[in-house]
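Hi everyone, thanks for making the time. I'd like to walk you through how some of the helices in this one sit against each other, so have the structure up while I talk.

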Amino acid sequence: MVTWPWQRNRTAARTLKVRSRGDFGDVSRVDFAELAPSIDTFLGQAAYLQLGFFETLSALIAPTPELSHKESLSRAAGAALLKHRELVEVIRERGDDPLDLMLPFREPLDAFRRATHGARPLETMLSVHITAGMLDDFYVALSASYGATGDRVARILGQDDDRQALVAIITQAIASDEEWKSLLALWGRRLVGDTLLIARGALRPQTLDAAEERKVEPVFTDLLGAHSRRMAAMDLDA
């Protein structure tokens with residue numbers, strides 16, 4: 001059993017329903033019931049995260065000298081922007097103002113992006129690949145709590161992210177200079193804690209009782225497993 005740093009003992013128990021794996025890849029979609037945030041919080045956070053990934057990747061284009069790398073970054077940035085726009089459309093169709101829903105999360109999510117921004121472009125590319133992958137997975141898992149709207153969000157987040165081009169850039173750098181391997185492996189490990197805190201912070205209660213932790217634990221275990229696979233695909237130790 002995984003023990004998370006935010007775990008606390010509580011007496012009140014809630015009933016959660018864990019749904020089977022569906023058409024959304026290897027992520028378990030979980031109905032968190034009372035643990036799930038409001039749908040406004042869910043949509044606002046998800047939309048602003050994608051905007052942040054777009055901003056981070058776009059900022060890397062200008063200082064990148066290789067034309068092929070610029071093109072790879074632009075495609076990954078474009079995929080994040082497309083997801084953002086489609087999430088914004090979901091919000092608008094519900095009759096809400098996207099800016100109103102995203103604004104409460106601007107400060108904490110900008111702080112998260114600053115904390116996971118590398119000192120070098122390769123570190124930042126790895127940051128986006130790892131953090132966006134983990135958080136997309138988390139929001140897909142969480143989406144089961146929101147009916148048809150959640151299904152739509154899961155499909156949006158499950159679209160091609162065009163980040164494999166970033167993986168190719170990273171693996172090429174590792175192949176050309178072995179020092180990158182240890183540096184990026186360490187950086188990848190450092191990203192996990194901040195990213196899990198963002199995911200954990202999306203849940204409604206600040207503390208969970210033992211029964212709730214047992215229900216939530218498989219989702220976080222899945223996130224860590226997927227992270228390990230992403231790192232292994234780049235020949236980096238997770």
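Let's start just past the end of helix 2, at glycine 95, which follows that helix and has a positive phi, near 90°. Keep in mind that this is a predicted model.

Now back up into helix 2 itself, residues 67–93. How far apart should its ends be? With 27 residues at 1.5 Å a residue, the helix should span 39 Å, and the end C-alpha atoms are indeed 39 Å apart, so the two agree.

Next, its partner. Helix 2 packs with helix 6, which is residues 147–157, and the axes are 9 Å apart at an angle of about 165°. Anything over 145 degrees counts as roughly antiparallel, so that is what we call helix 2 and helix 6. The crossing here is right-handed.

Who is doing the touching? From helix 2 you have Lys83, Glu86, Leu87, Glu89, Val90 and Glu93, and across from them in helix 6 are Thr149, Arg152, Val153, Ile156 and Leu157. Sort that contact by class and you get 5 nonpolar residues, 5 charged and 1 polar.

While we're on charges: side chains of opposite charge can pair when their charged atoms come close. Over the whole structure, the search turns up 11 salt bridges. One to click on is arginine 75 with aspartate 162, at 3.6 Å from N to O. Arginine 75 is in helix 2, while aspartate 162 is in the loop between helix 6 and helix 7, so to speak a link between distant parts of the chain, 87 residues apart.

Okay, over to helix 1, residues 39–61. I'll take two of its neighbours.

Helix 4, residues 106–115, packs against helix 1 at about 40°, with 10 Å between the axes. That angle makes the pair oblique. Their crossing is right-handed. On the helix 1 side, the contact uses Gln45, Tyr48, Leu49, Gly52, Phe53, Glu55 and Thr56, and helix 4 brings Arg106, Leu109, Asp110 and Arg113. The class count there is 4 nonpolar, 3 polar and 4 charged.

Then there's helix 5, residues 121–142, whose axis comes within 11 Å of the helix 1 axis and crosses at roughly 165°. Helix 1 is therefore roughly antiparallel to helix 5. The crossing in this case is left-handed. The contact list is long to read out, so just a few: helix 1 residues including Phe42, Ala46, Phe53 and Leu60, and helix 5 residues including Met125, Val128, Leu135 and Tyr139. How does that contact divide by class? It has 13 nonpolar residues, 5 polar and 1 charged.

That's my tour, happy to take questions.

Notes:
Residues are numbered from 1 along each chain as its sequence is written. This is a predicted model: local features need pLDDT of at least 70, side-chain atom pairs count only at pLDDT 80 or more; totals for chains, interfaces and linings use all residues. Side-chain values use heavy atoms; hydrogens and water are left out. Helices (H or I, at least four residues) and strands (E, at least two) are DSSP runs, numbered from the N terminus. The expected span of a helix is 1.5 Å times one less than its number of residues. Axes are lines fitted to C-alpha atoms, for helices over the stretch in contact, and angles run from 0 to 180 degrees between N-to-C directions. Angles under 35 degrees count as roughly parallel, over 145 as roughly antiparallel, 65 to 115 as roughly perpendicular and the rest as oblique. A crossing is left-handed if the near helix is turned anticlockwise from the far one by less than a right angle, and right-handed if clockwise. Contact means heavy atoms within 4.5 Å. Ala, Val, Leu, Ile, Met, Phe, Trp, Tyr, Cys and Pro count as nonpolar, Asp, Glu, Lys and Arg as charged, and the others, Gly among them, as polar. A salt bridge is a side-chain nitrogen of Lys or Arg within 4 Å of a carboxyl oxygen of Asp or Glu.
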